[in-house]
Amino acid sequence: MRTAVIPLALFLLTLVTVPLQADARSDAKKQVEFGITVAQRGLWREAIYRWERAAQIDPSYAPAHNNLAIAYEHEGDLAKARTAYERALELEPGNALIKQNYELFREINDRTTRQGTQ
Amino acid sequence: MIARPVKALSSLVVVLLATACTNSFEIPIETPILPKLDVAAFQRVLVAGFIAGGTEDVDGNLETTRLLRSQLRTKSQLRVIDSDVLPLVDVAAEGRDSGGAATAPPPIKEEKDLEAYEHVFANVEYWKKIGEEYQQPLIVTGTVMFTPLQRNSIVQREQEVYDSFGRRRVVPVRTYMERKGFSLDGRFIFIDGRSGATLHSESFGEQILYNANQTTPALSSYFELMDRLIPTFLSTLSSQKIKGTRILLQ
C-alpha cells in the first residue's frame with residue numbers, strides 16, 4: 001500500500017511543479033525581452049535590473065545570465081561579468097553564442113592583465 | 001596558416017546556425033577599462049627619459065620619450081611637461097662613481113647590461129629633486145632595449161603546383177627560412193614626483209620578424225613595436241573604452 005503511495009505522490013508533485021516552472025520561465029522571458037528592448041535604447045541600468053529579476057525568477061534561464069554578463073561588461077564590472085558568463089555556460093555548455101561572447105570578453109579581460117605588473 | 005581561417009570559418013558557421021535557431025540580437029558595447037594607477041593627485045606628467053640600449057640605429061631614450069609625450073598629450077587628462085630629455089645613463093654612471101666605483105659602466109648591448117644602471121630608479125632623493133623642479137608631477141621613466149633579432153625557423157607558405165593535366169593548385173609548403181627583425185623589451189616606471197618613490201612599474205616585451213631579404217628600417221620597426229605597447233601604457237594612466245559587439249539572447 002505504502003509503496004504505491006510514494007510514486008503517486010511523486011507524480012502529483014511533478015504535475016504541480018512543471019506548470020510552476022513553466023510560469024517562472026515565461027515570467028523570466030518577459031523580463032529578458034523587456035531588458036533587450038531597453039538595452040537597445042542604451043538604458044543599460046534598467047536592462048540590468050530586468051535581467052537580474054529574470055535570473056531571480058528562473059535561475060536556470062541561461063539567456064538571463066548571458067545578457068547580464070554583457071551588461072556588466074558594458075558597465076565595466078568585469079568580475080561580475082565573468083561570474084555571469086560562467087553561470088550561463090554552466091547552464092548551456094553547448095551554446096555557441098554564449099561561448100563566443102565569453103571568448104570576446106576574455107580577450108579584453110586578458111588584455112588588461114596581460115603585461116607583467118610588478 | 002590554413003588551419004586558422006578554417007577554424008574561424010567553421011566557428012562562424014556554428015554561430016550563424018545557432019543564431020538562426022535562437023532569438024538573438026547583436027548589440028554594440030563599450031567596455032570601460034579603469035586605469036591601473038590612480039593619478040588623481042597629479043595634474044602634470046613628466047616623461048623624464050629612459051635608460052636605453054641595444055642597436056645604435058635608434059636612440060631609444062629620445063624616441064620613446066618623444067612618442068610617449070605625444071601620446072599623453074592627446075590621450076590623457078594630464079598636462080605634459082616639455083623639457084629636455086634626461087640623460088639617465090650619465091646620471092646613473094655619476095651615481096656609481098660617487099659611490100666609490102671609478103670604472104665606466106659597460107655599454108648597454110644586452111638586457112643584463114641594464115643592471116649596472118637600474119639603481120637610478122631607486123634613488124628617491126634624485127627623483128624628489130626632479131619632482132621639485134617641475135612642480136611635483138607624475139614622472140615616467142624606465143628602460144628600453146631595442147635589439148636586432150635573427151631567427152632561423154620553419155615557416156609555412158603557399159606554393160603553386162600543376163598536375164599532369166595542367167591544373168593549378170595551391171599547396172602549403174613548410175620551408176626553413178632565415179628571418180630578421182627586432183625585439184623591444186623593457187619597463188615603464190611611474191614615480192611620484194612629490195616623494196620620489198616608485199608608484200608602479202610594468203614590464204613589456206614585443207618582437208617582430210621579417211623575411212631575411214626584406215629591408216625594413218630599424219626606426220620603422222621600432223614604431224611598429226611601440227604601437228603595440230602604447231595601449232597598455234595608456235591604460236595605466238587613463239581609462240580606455242574598448243568597442244565591440246555581443247549577442248543578447250532571448
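Visitor: At how many Å, N to O, do the side chains of B:Glu63 and B:Arg66 meet in a salt bridge?
Guide: This is a predicted model, in which local features need pLDDT of at least 70 and side-chain atom pairs count only at pLDDT 80 or more, while totals for chains, interfaces and linings use all residues. Both B:Glu63 and B:Arg66 belong to helix 2 (residues 60–75) of chain B, where they are 3 residues apart, about one turn of the helix; helices (H or I, at least four residues) and strands (E, at least two) are DSSP runs, numbered from the N terminus. By the rule for a salt bridge (a side-chain nitrogen of Lys or Arg within 4 Å of a carboxyl oxygen of Asp or Glu), the two side chains are paired, N to O, at 3.8 Å.

Visitor: Is B:Glu63 buried or exposed?
Guide: Residues are numbered from 1 along each chain as its sequence is written, chains are lettered from A and ligands numbered from 1 in the order in which they are written, and side-chain values use heavy atoms, with hydrogens and water left out. A residue is buried under 20% relative accessible area, exposed over 50% and partly exposed in between (1.4 Å probe, protein chains only). B:Arg66, at 49%, is therefore partly exposed, whereas B:Glu63, because its relative accessibility is 14%, counts as buried.

Visitor: Which residue meets B:Asp192 in a salt bridge?
Guide: B:Asp192 has a relative accessible area of 8% and is therefore buried. Its partner is partly exposed, at 38% relative accessibility. The side chains come to 2.9 Å, N to O, and the partner is B:Arg194.

Visitor: Which residues are joined into one network by salt bridges that share partners?
Guide: Over all chains, a search of the whole structure finds 18 salt bridges. In general, side chains of opposite charge can pair when their charged atoms come close. Beyond the B:Asp192 and B:Arg194 pair, at 2.9 Å, shared partners link B:Glu30, B:Lys241 and B:Lys243.

Visitor: By about how much are A:Glu86 and A:Arg82 separated in helix 4 of chain A?
Guide: These two side chains form a salt bridge of 3.7 Å, N to O. A:Glu86 has 36% relative accessibility and is therefore partly exposed, and A:Arg82, at 27%, is also partly exposed. Because they lie 4 residues apart in the helix, the separation is about one helical turn.

Visitor: Which side chain is joined to that of A:Asp58 by a polar contact?
Guide: A:Asp58 sits in the loop between helix 2 and helix 3 of chain A, and is buried because its relative accessible area is 7%. Neighbours within four places in sequence set aside, A:Asp58 is in contact (heavy atoms within 4.5 Å) with A:Ala24, A:Arg25 and A:Ala28. A polar contact is a pair of N or O atoms within 3.5 Å; within protein, one must be able to donate a hydrogen and the other to accept it, and residues adjacent in sequence count only if both atoms are side-chain atoms. At 2.5 Å, the side chain joined to A:Asp58 in this way is that of A:Arg25.

Visitor: Which helix of chain A gives the most to the largest nonpolar core?
Guide: A nonpolar core is a set of buried Ala, Val, Leu, Ile, Met, Phe, Trp, Tyr and Cys residues joined through side-chain atoms within 4.5 Å, and the largest has 37 residues, with A:Trp44 and A:Trp51 having the most contacts inside it. At least two residues each come from helix 1 (2–40), helix 2 (44–57), helix 3 (62–75), helix 4 (78–91) and helix 5 (96–113) of chain A, and from strand 1 (24–33) and strand 7 (240–249) of chain B. With 7 residues, the element that gives the most is helix 3.

Visitor: About how much area is buried between chain B and chain A?
Guide: The contact takes 30 residues from chain B and 34 residues from chain A, and one salt bridge crosses the interface, joining A:Glu73 to B:Arg246 with the closest N and O atoms 2.5 Å apart. Buried area is the accessible area (1.4 Å probe) that two parts lose on being put together, summed over both. Carbon and sulfur atoms give 63% of the total, which is about 2700 Å².
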